[in-house]
Protein chains: 2
Amino acid sequence: MTNEQELIDLKEKLDSYLAERNYRKIKAVMEEIPEADAAEYLEGISIDKAMPIFRSLSKEKCIEVFSYFEPETQEVFINSITDEEISNIIEELSVDDAVDMLEEMPATIVKKVLKNASANTRKLINQFLNYPEDSVGSIMTAEYTDLKGTMTVGEAIKYIRSISDNRETIYTCYIISPSRQLEGVIELCDILACENDDTLISDIMETSIVKAVTTDDKETVAGMFSKYDITTLPVVDNENRLVGIVTVDDIVDVIEEEATKDIEQMAAMQPLETPYLKTSVFTIVKKRIIWLLILMIAGTITGSILGRFEDTISAIPLLVTFMPMIFDTGGNSGSQSSTTVIRGLTTGELECSDIWKILWKEIRVSVIVGFSFGLLNFFRILLITKDPDKITIALVVSLAMLLTIVIAKSLGAVLPIAAKRLKLDPAVMAAPLITTTVDVCAMLVYFGLALKLLSFRL
Amino acid sequence: MTNEQELIDLKEKLDSYLAERNYRKIKAVMEEIPEADAAEYLEGISIDKAMPIFRSLSKEKCIEVFSYFEPETQEVFINSITDEEISNIIEELSVDDAVDMLEEMPATIVKKVLKNASANTRKLINQFLNYPEDSVGSIMTAEYTDLKGTMTVGEAIKYIRSISDNRETIYTCYIISPSRQLEGVIELCDILACENDDTLISDIMETSIVKAVTTDDKETVAGMFSKYDITTLPVVDNENRLVGIVTVDDIVDVIEEEATKDIEQMAAMQPLETPYLKTSVFTIVKKRIIWLLILMIAGTITGSILGRFEDTISAIPLLVTFMPMIFDTGGNSGSQSSTTVIRGLTTGELECSDIWKILWKEIRVSVIVGFSFGLLNFFRILLITKDPDKITIALVVSLAMLLTIVIAKSLGAVLPIAAKRLKLDPAVMAAPLITTTVDVCAMLVYFGLALKLLSFRL
């Protein structure tokens, strides 16, 4: 489908057929449209209307549509279909889709599904369910095409034509030894491009293979996909035996998840593992309260430092009115820099060794911003304040503004790199912690300057 | 390559060959390893050492390696090779790689390159360079496989075998009419799986086509890749004529860029278009200063509201020492909620219509967090403060803390959705603006409570 409008028209058409109970026409449309759209439509109507439509679909369509359902829809459907239908679905789903589904389901449903799977499928699913959550093993699939090096091009094409009912897996073929060790890789296009049908596969296969081990971190593997511009990656066990492949569509999800996790950490939250709307209030509290508590304690320290300046504040309460502006600008300046550095470290655009280049750049940026904001405030205070010492106060505020911005941007640049050097996640040094740190510095600078320059009032 | 260690070993081996000036062995290794690794190695050594190695490579390897270079390396190489070599490279590079390269180069280099391109290539490159920066036209490539509906399966396989020297493009074939209108799509595996070689392509092709128009936004198109789990997408012009395809490896880059842009906007920066280390200080200032200025002005408003409580502050300066803690916790609570909602809206996990569900969840979370933090502070203040009215002060601080957290989390939940409803980017309502908004509310609540409960001291 090209655009939203087409999707809306489609939905209206299906709705009107549904009102007429014209299931034959609905089936015809469903078989035509992409599975993702069919699944979306079925999820939007009630289960008693969706079920007869779902059952009327061809077997292949059924399974494809099912794999696009949200986990909770899958659960509802599994609870409503016969054991035989469950068995059909689980045997035909690719292993990674089956595992994704089972990971989200309550134990009773998992039991019911596995009971209806063949012994082989059950073994495979159990093996895949056992890979650690963040490992590449947890996202790989077992449906790949393996060839023998002793096959000829002609034999290979014949073999591939006989098995090519699964689109994602025949385009890159893996050559394995009798003991299933990964020996080589060949693209289907290179097999097809070979002009002599008697050429041995082992003579044209690539033997330098970009590959991963089942226990590799899935984010590292995602990085390999962008570095090598590949669409499939073989996964081997510790004995170099081929156990599965990862396809790029699963990697797209990993990249999205990774960005979400980074963003959550940068806002001082531990990442949620389940969708927000389905996560209980207590789990959300748990994921958020620890950082809030740490930062609150940091805030009380800031407060107690501020307490040391109580006399200054009592004497010149006007000073307090400039605090939010200076502190906020400092915090925002610092979080701009730290965000740039954290994201750069994540995408690999910046390295720890760039620290001096980054710091020098941030210092120049901060001096320009600091001078502009300092001057602006100097004249603003001269214009609108009625205090007899307004020139001195303007000077204190402007200087504090300049220094705070320079300190904030320098800390924002340096702290994420320091965190990385200390093997911490640089995202820890995002806006919240930077803001608190900058608050303390800004306060010391501001009241320090006030004590020096306005001492005659104190 | 599997891991870092292998890459380090490889580099050492190449370094030792280079020290011996054994170019034959280097060439042998280079031809074996993935192009991305070869390009990385050449970028790490000086140009006078890299150039002879680069020139010794086979023509295909040369072009592949060149396409993996960073733009500045490409520029150096183009300046050092002959016109004939330039012509070879530009003719063989895929159009999207050529366009990506030229977009990053100074005009003189672009001229030099285009001068050495054939008339056809030049025309195509110029056409692609003209698509708007964020459009799908700017990331598509022109190398795709088109078939005619009147071909038989046997003819199609023969045709594909004759042209299959380019891996990314033969696996999905597009069926076009004589006037180049897109009529259907077929996966190579479905052609291969067809048992009867005389079947017409038009009989087995898919006619419901997921496609994009050249001017579509590339982020929208990236969403289609995850929704439909596809690896290539045809791009048509306004007359439904096929003009190019987008492949999933380019989409991976779009998703990364999009996440970076979101993160930058959430930290109150306009996104940088060039890599940070290569962006001038003035450009960085320009991208950051506008939001800083807006937020600084907001900070002065906060300050002037604070000014209204000068008398309260003078009378009980102790109150000031709790401000950082309450305001920081409020800001952090609010930005946690807004970050969750903004990211959910971006990934499509949350919809504007979920507003009440989100608000209700955030209110419950905030009441739990608020009560815990309120109680904690009540007893802490009782324990450590020496003020005669410490119970009342503890009450003011605890109540202000509870109310601030509830207000902050509610605003954090609602404002991004409100922004989206007003057709603004929800990312605008991220930490910085939420913090400033929450500051004002927190101040009014805190001093409002103080004025009420501590009025006997004022």
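Reader: How do you know what relates chain B to chain A?
Author: In this predicted model, a turn of 180 degrees with a shift of 0.0 Å along the axis lays chain B on chain A, and the RMSD is 0.2 Å. That is the relation of a two-fold axis.

Reader: What makes you say which surface serves both copies?
Author: The overlap of the contact residues: 100% of those of chain B recur in chain A, so the same surface is used by both copies, a contact being a pair of C-beta atoms within 7 Å.

Reader: Which residue of chain B comes closest to the rotation axis?
Author: That's B:Ser314, with its C-alpha at 2.5 Å.

Reader: How many residues does each chain put into the contact?
Author: Chain A gives 94 residues and chain B gives 94 residues. On the chain B side, helix α18 (residues 318-347) gives the most, with 17 residues.

Reader: What makes up that side of chain B, by class?
Author: You get 48 nonpolar residues, 24 polar ones and 22 charged ones on the side that touches chain A.

Reader: Why is B:Val65 called buried?
Author: Count its neighbours: 24 C-beta atoms fall inside 10 Å. The cut-off for buried is 20 or more, so B:Val65 counts as buried.

Reader: Where does B:Val65 lie, and which residues does it touch?
Author: B:Val65 lies in helix α5 (residues 59-68) of chain B. Leaving out residues up to four places away in sequence, B:Val65 touches B:Glu35, B:Ala38, B:Ala39, B:Leu42, B:Phe54 and B:Leu57. As for B:Gly334, 269 residues apart from B:Val65 along the chain, the two C-alpha atoms are separated by 48 Å.

Conventions. Residues numbered from 1 in each chain as written. Chains lettered and ligands numbered in written order. Predicted model: local features only at pLDDT ≥ 70, side-chain atom pairs only at ≥ 80, totals over all residues. Contact = placed C-beta atoms within 7 Å. Helix = DSSP H or I, 4+ residues; strand = E, 2+ residues; numbered from the N terminus. Nonpolar A, V, L, I, M, F, W, Y, C, P; charged D, E, K, R; others polar. Least-squares fit on C-alpha atoms with pLDDT ≥ 70 in both. Buried ≥ 20, exposed ≤ 12 C-beta atoms within 10 Å, placed from the backbone.
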